[in-house]
Amino acid sequence: MQYSILIYGTEGLTARLSDEENEQVLKLHRDLQAELGKRGDFATAELMPTSSAVSLKPGKRAGAKPLVVDGPFAETKERFLGFYVAEFEDLDEAVELASRLSTPHVTLEVRPIRWGGGLFARS
Amino acid sequence: MAERQWLEAHFAEVRPRALALLTRHFNDLDLAEDAFSQACVNALRAWPRTGIPDNPLAWLLTVARNAARDMLRRRASAQRTSANLAVIQASHGEDEEPEAIDQAGLRDDVLRLLFICCHPDLSAQDQSALALRVVAGLSVAQIAGGFVVKPRAMEQRLTRAKRLIAARSVPFEPPSLDERHRRLNTVMLMIYLMFNEGWSAISAEESDRQPLCQEAIRLARLLMDLFPSLPELMGLLALFLFQYARRAARFDAGRLLRLDEQPRDRWDHEMIAEAATLLEKALRHSMPGSYQIQAAIASVHARAATSEDTDWDELLRLYEALLAIEPTAIVRLNHAAVVAHLHGPAAGLGLVEPLAGELGDYRWYHTMRGGLLCELGRWRNAREAYRLALTLTPTAAERLAINEKIAACESNLAKLSD
């Protein structure tokens, strides 16, 4: 089963840390990526700050073009920072591997993928 | 202590919003600062045991409000004034639910706090220093370091500045649209000058971390978070990021490098990508302004893989656009540099020399004039220009570069007299 691991946290925190601190967090990611790489294809991305985002909201009237507005979809305390997608045996295993990224400063959401295209199309 | 660093990062992140709300609540900036510090001390004790609360801002606010009331009570019992007690009572009992923080009101409160720091009687430097102290929460020593002044002198300036703003009354009501824009423009200018101050003060040793530039970037990010659809604000942040992306490439063995001399592989290309995105977003609004044009100018340089690839025609168009809305001497000087590149040093010099009156105290005027004179082979005049630049307090890295130029002029003069 394919699962996504979605990472949420406070934006801007890591920019306030020393290089050594950031290196410790990066190491968690590099280790997980090494592990996932051994098992097959995976994808991961770190997102730019939400200030770089635009959101497309449905147009008011039927058939109207979507409205492009500046900023993220929702104003929330915890921001969507990045994600992984990979194949896991079951939920337990996905949670086990996701937990390796856990720090007191992020919340990780593990959510199965119903359908995937591109890299994640099932053969 | 790793954990402490993380916790302090949390405090710093919520500080502007917390101080804005506390200032609204108690109408006393000093009290707000003291109460917030107290709340952080409590959090340092509590959070390692309980974990970081779901809403750190709400947690810190609740604790800070209680701390502020205690402080007021102590003050009141010392002074026995009923006015203070009235404030305590008025602020009591409205322990609003943490989730009830009104986002729309909050953004104007944060803007108001920044705007208070921009008191018109304060110099641009003191406005920045105050915002760094109050809003960003930097220590006096850090701020003094950023401005390259002695901590004691900075302490005195901050004390004076705080007295001045304590007497200023800026209403708490949500501002009108016009007033909000006026405040935003004032605050953006303050942040712009803060960045520039930091940028020119950066020395080779600390090129990696310049508190003024970093905080200016953070303040611009904070404003963008609160006001997500202002093209000039996007332009401002883009401009900072384009420029700050070059921080690691500006120096070589302590000497300041010109843009065309910098090793471009040392530019921060992740940061440049973010800047380009912001500029793209801004331009979608089709409401050009000074910061957007300046960011577009920076993007022309950032896009060029090598100095030779720079699109000088595009630069000239952009500088002409900038001149049309902001015909200041500095913009004219930069415009002249592009003209010199495209049409030769004589054409550039023709535009530079009329600026002597306005820019006589500006060292970059003299170094640029010196450069053009060198290109024209007028070594004696060039040397004179560089010597003038030396008298206008260049940084150590600039001094090195200028002295090299003077030496080059002299060796050329010696060759001529042989």
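The centres of domain 1 and domain 2 of chain B, taken over C-alpha atoms, are separated by 21 Å, in what I should say at once is a predicted model, where local features need pLDDT of at least 70, side-chain atom pairs count only at pLDDT 80 or more, and totals for chains, interfaces and linings use all residues. Residues are numbered from 1 along each chain as its sequence is written, while chains are lettered from A and ligands numbered from 1 in the order in which they are written.

Chain B is divided into domain 1 (1–93), domain 2 (105–167 + 177–201 + 208–228) and domain 3 (232–326), with bounds that come from an automatic or database domain assignment. Between domain 1 and domain 2 of chain B, eleven residues of the former are in contact with ten of the latter, contact being counted if C-beta atoms, placed from the backbone, lie within 7 Å. On the domain 1 side, α1 (2–26) and α2 (29–50) of chain B are the elements giving two or more residues, and α1(B) provides the largest share, nine residues; helices here are DSSP runs of H or I with at least four residues, and strands are runs of E with at least two, numbered from the N terminus.

Turning to chain A, we find an open sheet of four strands in the order β2-β5-β1-β6, with antiparallel pairing, where two strands pair if DSSP finds at least two bridges between them. The edge strands, each pairing on one side only, are β2 (42–46) and β6 (106–112) of chain A. Strand β1 (residues 2–9) of chain A is joined to β6(A) by seven bridges, and A:Y8 has A:T107 of β6(A) as its bridge partner.

Key:
Two residues are in contact if their C-beta atoms, placed from the backbone, lie within 7 Å.
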